[in-house]
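Fancy a few warm-up problems on reading a fold? Have the viewer open and work through each one before you peek at the solution.

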Amino acid sequence: MHYVYILYSETGRRRYVGMTADAEQRLAMHNAGKVRSTKAYRPWRRIWLEEYQSIEEARKRELYLKTGSGRKWMDENVKI
């Protein structure tokens with residue numbers, strides 16, 4: 001399984017979209033400061049998680065969420 005997730009940082013008031021095969025381990029890495037792009041905005045909490053059968057499907061969804069249309073979808077559907 002592959003997962004697309006959305007994290008939220010209360011301290012930085014930011015969202016982060018990512019993809020992984022192990023959602024729990026990846027969240028722990030973000031909160032441990034092991035991901036350079038999210039290190040400064042810790043702690044993170046997961047506000048959305050989607051499961052996909054293939055890495056291709058997950059990658060496609062992750063890339064969509066990083067577009068303007070995807071950000072608009074998040075604003076309308078993902079409550080912080």
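Before starting, one ground rule: two residues are in contact when heavy atoms of theirs lie within 4.5 Å. Also keep in mind that this is a predicted model.

**Exercise 1. Find which residues Val17 touches, leaving out residues up to four places away in sequence.**

Solution. Step one: click on Val17 and look for heavy atoms within the 4.5 Å cut-off. Step two: drop the residues up to four places away in sequence; what stays is Val4, Tyr5, Ile6, Glu62, Leu65, Lys66 and Met74. Step three: ask which core Val17 belongs to. Val17 sits in the largest nonpolar core, which has 11 residues, including Val4, Ile6, Leu65 and Met74. Step four: see where that core comes from. Strand 1, strand 2, strand 3 and helix 2 (55-65) each give two or more residues to it, and strand 1 provides the largest share, with three. Step five: look for what lies apart from this core. There you'll find another core, made of five residues, with Tyr5, Leu7, Tyr16 and Trp44 among them.

**Exercise 2. Work out the strand order of the open sheet and say which strands are at its edges.**

Solution. Step one: a general reminder, that strands of a sheet pair through backbone hydrogen bonds, either parallel or antiparallel. Step two: trace the three strands; the order is 2-1-3, and the pairing is antiparallel. Step three: check the pairing of strand 2 and strand 3. Each pairs on one side only, and that makes them the edge strands. Step four: for the twist, neighbouring strands are turned by 20° against each other on average, ignoring direction. Step five: zoom in on strand 1 and strand 3, which run antiparallel and are joined by eight bridges. Ser9 stands opposite Trp44 of strand 3. Step six: add the helix. Helix 1 packs on the sheet and touches strand 1, strand 2 and strand 3, and its direction makes about 150° with that of strand 3.

**Exercise 3. How many salt bridges does the structure hold, and what does the one between Glu10 and Arg45 tie together?**

Solution. Step one: the count comes to six salt bridges. Step two: in the bridge between the side chains of Glu10 and Arg45, N to O is 2.9 Å, inside the 4 Å cut-off for a salt bridge. Step three: place both partners. Glu10 is in the loop between strand 1 (2-9) and strand 2 (14-20), while Arg45 is in strand 3 (residues 44-52), so the bridge ties together parts 35 residues apart in sequence. Step four: check accessibility. Glu10 is partly exposed at 48%, and Arg45 is partly exposed at 33%.

**Exercise 4. Is Asp75, a salt-bridge partner of Arg15, buried or exposed?**

Solution. Step one: the closest N and O atoms of Arg15 and Asp75 are 2.9 Å apart. Step two: Arg15 lies in strand 2 and Asp75 in helix 3 (residues 68-77), so this pair links parts 60 residues apart in sequence. Step three: Asp75 has a relative accessible area of 51% and is exposed, because the cut-off for that label is over 50%. Arg15, at 29%, is partly exposed.

**Exercise 5. Which residue does Glu24 pair with in a salt bridge?**

Solution. Step one: the partner is Arg46, with the closest N and O atoms 2.7 Å apart. Step two: Glu24 belongs to helix 1 (residues 23-32) and Arg46 to strand 3, so parts 22 residues apart in sequence are tied together. Step three: look for shared partners elsewhere; Arg59, Glu62 and Lys66 are joined into one network by salt bridges.

Technical notes
Residues are numbered from 1 along each chain as its sequence is written. This is a predicted model: local features need pLDDT of at least 70, side-chain atom pairs count only at pLDDT 80 or more; totals for chains, interfaces and linings use all residues. Side-chain values use heavy atoms; hydrogens and water are left out. Helices (H or I, at least four residues) and strands (E, at least two) are DSSP runs, numbered from the N terminus. Buried means under 20% relative accessible area, exposed over 50%, partly exposed in between (1.4 Å probe, protein chains only). Two strands pair if DSSP finds at least two bridges between them. Axes are lines fitted to C-alpha atoms, for helices over the stretch in contact, and angles run from 0 to 180 degrees between N-to-C directions. A nonpolar core is a set of buried Ala, Val, Leu, Ile, Met, Phe, Trp, Tyr and Cys residues joined through side-chain atoms within 4.5 Å.
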